[in-house]
Amino acid sequence: PIDGSLVELRVWRVLCGAGGNARLSEYVWKGIGLVVFQTLSGASAVMLYSTAILYDTAHDKHPSTPVVGAVIINSVHFLVTFVGWFVSDSWSRRLLLVVGFGVMTASLVSVTAALFAMSPSYLRDYVIVGLLSVFLGGYAFGPGIASHTVLSEMLPTRIRMRGMAIYMVISFSLMLLLALTTLSIAAAISGKAGSTPAASGYAVLFAFFAFFAAVGTIFSYFHP
């Protein structure tokens with residue numbers, strides 16, 4: 001009989017690149033990079049806190065306004081997911097990732113500029129909703145569709161389960177971190193720690209997300 005613990009140990013050694021498996025280890029680290037850039041580009045934070053973001057940055061403080069905006073943003077995310085599914089068999093994984101990350105980067109940079117440059121107004125409210133819709137649309141079209149497929153295809157069958165376990169632990173840990181800190185960080189940046197964040201706090205936060213989306217674009221072009 002085969003000792004299961006020895007088999008398990010050998011699988012983890014392969015994942016770590018031991019025993020002449022440096023190529024597999026390289027794929028594992030590429031997968032970790034993709035997970036980090038995808039998660040820290042902020043899509044989960046925008047989906048979770050879209051109502052709070054729109055209310056805190058809005059000119060119109062009517063309670064229903066951010067709710068309507070959040071419905072629009074997340075509806076775009078939902079609908080564009082089907083577009084990504086439709087083209088996923090005809091477009092390469094790399095192209096999906098590069099286009100998705102690229103759209104996310106452009107929209108995040110534009111949101112940052114709008115929050116810094118535009119004074120509070122109805123126009124800025126509409127612009128923010130539109131740009132965040134484009135951002136989540138880019139995520140749904142690219143990383144949201146292609147990343148998990150790429151991650152599973154990188155690894156051979158015998159180590160795929162463990163590799164995906166590593167990726168998911170990292171991904172959910174980072175999403176939990178964003179969920180716990182997004183609003184607090186935005187408030188601290190805007191000088192309102194413990195209070196409602198100002199537009200400037202969100203602008204810096206979106207610039208942070210844009211950096212990782214931009215790195216994700218470059219990474220996806222050269223690596224997966």
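# Exercises on aromatic pairs and empty spaces

The structure, which is a predicted model, contains 9 aromatic pairs. One of them joins F82 and W85, whose ring centres lie 5.1 Å apart with the planes at 85°, so this pair is edge-to-face.

**Exercise 1.** Work out where F82 and W85 sit along the chain, and state how far F82 is exposed.

*Solution.* Begin with the helix: F82 and W85 both belong to helix α4, which covers residues 64-87, and because they are 3 residues apart there, about one helical turn separates them. Then turn to the surface: F82 has a relative accessible area of 41%, and since buried means under 20% and exposed means over 50%, this residue is partly exposed.

**Exercise 2.** Classify the pair formed by the rings of F208 and F212 from the distance of the centres and the angle of the planes.

*Solution.* The first step is the distance, and the centres of the F208 and F212 rings are 4.9 Å apart, which is within the 6.5 Å that a pair requires. The second step is the angle: the planes stand at 65°, and because an angle over 60 degrees counts as edge-to-face, the pair of F208 and F212 belongs to that class. As for position, both residues lie in helix α9 (residues 199-222), where they are 4 residues apart, about one turn of the helix.

**Exercise 3.** Decide for F208 and for F212 whether the residue is buried or partly exposed, and name the aromatic cluster that holds them.

*Solution.* F208 has a relative accessibility of 38% and therefore counts as partly exposed. F212, with 14%, falls under the 20% cut-off and so counts as buried. Both residues belong to one aromatic cluster, which is formed by F206, F208, F209, F211 and F212.

**Exercise 4.** Describe the largest pocket by its volume, its lining residues and the elements that supply them.

*Solution.* Start with the volume, since the largest pocket holds about 210 Å³ of space. Next comes the lining, which is made up of 15 residues, with T65, G69, D125, Y126 and V129 lying nearest the centre of the pocket. The elements that give two or more residues to this lining are α3 (43-57), α4 and α6 (122-141), and the largest share, 6 residues, comes from α6. Finally, sorting the lining by class gives 9 nonpolar, 3 polar and 3 charged residues.

**Exercise 5.** Find how many cavities of 30 Å³ or more are counted, and describe the lining of the largest cavity.

*Solution.* The count comes to 1 cavity of 30 Å³ or more, and the largest cavity has a volume of about 40 Å³. The residues that line this cavity are V35, Q38, T39, H148, L151, M168 and S171. At least two of the lining residues come from each of α2 (22-40), α7 (143-154) and α8 (157-189), while α2 gives the most, with 3 residues. By class, the lining of the largest cavity divides into 3 nonpolar and 4 polar residues, with no charged residue.

**Exercise 6.** Place these details in the whole protein by giving its helices and strands, its buried share and its exposed area.

*Solution.* The protein has 9 helices and 0 strands. Of its 224 residues, 46% count as buried. Among contacts with a separation of 6 or more, residues 24 or more positions apart account for 77%. The last step is the surface, where the protein exposes about 11,000 Å², 71% of it supplied by carbon and sulfur atoms.

Notes: Residues numbered from 1 in each chain as written. Predicted model: local features only at pLDDT ≥ 70, side-chain atom pairs only at ≥ 80, totals over all residues. Heavy atoms only, no water. Phe/Tyr/Trp six-rings, centres within 6.5 Å; stacked < 30°, edge-to-face > 60°. Buried < 20%, exposed > 50% of the residue type's maximum accessible area, 1.4 Å probe, protein only. 1 Å grid on protein atoms, 1.4 Å probe; cavity = no way out; pocket = protein on both sides within 12 Å on 5 of 7 lines; lining within 4 Å. Points joined across faces, edges and corners; volume = space filled by probe spheres on them. Nonpolar A, V, L, I, M, F, W, Y, C, P; charged D, E, K, R; others polar. Contact = heavy atoms within 4.5 Å. Areas by Shrake-Rupley, 256 points an atom, 1.4 Å probe, with all protein chains shown as cover.
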